[in-house]
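Please open the model in your viewer and keep the sequence panel visible. The stops below say what to select next and what is there.

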Amino acid sequence: MEVLSPRVPGLDPFRVQEAPPAAYYVPDFISEAEEARLLQQVYAAPKPKWTQLSGRRLQNWGGLPHPKGLVPEPLPPWLQYWVEEVSALGVFGGQAANHVLVNEYCPGQGIMPHEDGPLYFPTVTTVSLGSPTLLDFYRPVCTEVPGDEPQVPAAQTEEQRHVLSLLLEPRSLLVLREELYSRYLHGIRAATSDALTAKL
């Protein structure tokens, strides 16, 4: 993977070896001062920019996602700068990212295991701000049956389908692509604290 960013001269050393293909985790991708400026801009956004969902609230920048595509709108300069910084890594096939989703998770909030879907395929990147979190990955509820038979429900609990958890520290960058993006579900548990074990 060609990388052109002076921040990260190459992503290969940051590949998470114990994960299915493919996750790249870059600690301290941004500085504390850059993190503070980003948080200031996020919380200075007009109140109508926030969308309240059950379990979290979010901001959409660059346009509103739609099943048939994205209705584009210009990014503000403070986000355009970071879009260019991340895009310079070459993770979007030589193209620039065109959308930013800001998710706010307060203690005790999270998001159920889900797929991001084809709108963002084949790559999604995440810069974590403010606090650490555990991002959990799961096998899908349905398992593929050998041959051309249709998928059948798997008699497994969420815990049994759990594959791995990644600790995302503040100021880190996560790049997800390939099977880890397209095949596995990811989510954040609604917890006020996380316990790290040898398994995680």
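**Stop 1: the four-stranded sheet**

Select β7, β14, β9 and β12: in that order they form an open sheet of four strands with antiparallel pairing. Strands here are DSSP runs of E with at least two residues, helices are runs of H or I with at least four residues, and both are numbered from the N terminus. Two strands count as paired if DSSP finds at least two bridges between them. At the edges are β7 (111-114) and β12, each of which pairs on one side only. On average, neighbouring strands of this sheet are turned by 20° against each other, direction ignored. Such angles are taken between axes, which are lines fitted to C-alpha atoms, for helices over the stretch in contact; the angles run from 0 to 180 degrees between N-to-C directions.

This is a predicted model, in which local features need pLDDT of at least 70 and side-chain atom pairs count only at pLDDT 80 or more, while totals for chains, interfaces and linings use all residues. Residues are numbered from 1 along each chain as its sequence is written, and side-chain values use heavy atoms, with hydrogens and water left out.

Now restrict the selection to β9 (residues 133-138) and β14 (residues 185-188), which pair in the antiparallel sense over three bridges. Which residue is the bridge partner of Asp-136 in β14? Selecting Gly-187 shows the partner.

**Stop 2: the three-stranded sheet**

Move to the open sheet of three strands, with the order β2-β3-β6 and antiparallel pairing. Strands β2 (50-53) and β6 (100-104) are the edges, each pairing on one side only. The average turn between neighbouring strands in this sheet is 25°, direction ignored.

Select β2 together with β3 (residues 56-61): the two run antiparallel and are joined by four bridges. Leu-53 can be found opposite Arg-56 in β3.

Next, show the side chains of Glu-104 and Arg-57, which form a salt bridge with the closest N and O atoms 2.6 Å apart. A salt bridge is a side-chain nitrogen of Lys or Arg within 4 Å of a carboxyl oxygen of Asp or Glu. The pair links distant parts of the chain, with Glu-104 in strand β6 and Arg-57 in strand β3, 47 residues apart. Glu-104 is buried, at a relative accessible area of 13%, whereas Arg-57 is partly exposed, at 25%. Buried means under 20% relative accessible area, exposed over 50%, and partly exposed in between (1.4 Å probe, protein chains only).

**Stop 3: other salt bridges**

How many salt bridges does a search of the whole structure find? The search gives six.

Select Arg-171 and Glu-35, whose salt bridge has its closest N and O atoms 3.0 Å apart. Arg-171 lies in the loop between β12 (162-168) and β13 (173-177) and Glu-35 in helix α1 (residues 32-43), so the pair ties together parts that are 136 residues apart in sequence. Both Arg-171 and Glu-35 are buried. Add Asp-28 to the selection: Asp-28, Glu-35 and Arg-171 are linked in a network of salt bridges.

Then go to Lys-49 and Glu-73, where the side chains meet in a salt bridge at 3.3 Å, N to O. Lys-49 is in the loop between α1 and β2, and Glu-73 is in the loop between β5 (69-72) and α2 (77-87), so this pair ties together parts 24 residues apart in sequence. Glu-73 counts as partly exposed, at 36% relative accessibility.

**Stop 4: backbone details**

Return to Asp-28, in the loop between β1 and α1. Asp-28 has a positive phi of about 50° although it is not a glycine. Asp-28 is exposed, with a relative accessible area of 55%.

A positive phi, near 55°, also occurs at Glu-178, a residue other than glycine. Glu-178 is in helix α4 (residues 178-182) and counts as partly exposed at 40% relative accessibility.

Finally, select Pro-21 and Ala-22, which are joined by a cis peptide bond with omega of about -5°. Ala-22 lies in the segment before β1 (23-26).

**Stop 5: the whole chain**

Zoom out to the whole protein, which has four helices and 14 strands. Buried residues make up 38% of the 200 residues. Of the contacts (heavy atoms within 4.5 Å) with a separation of 6 or more, 74% are between residues 24 or more positions apart.
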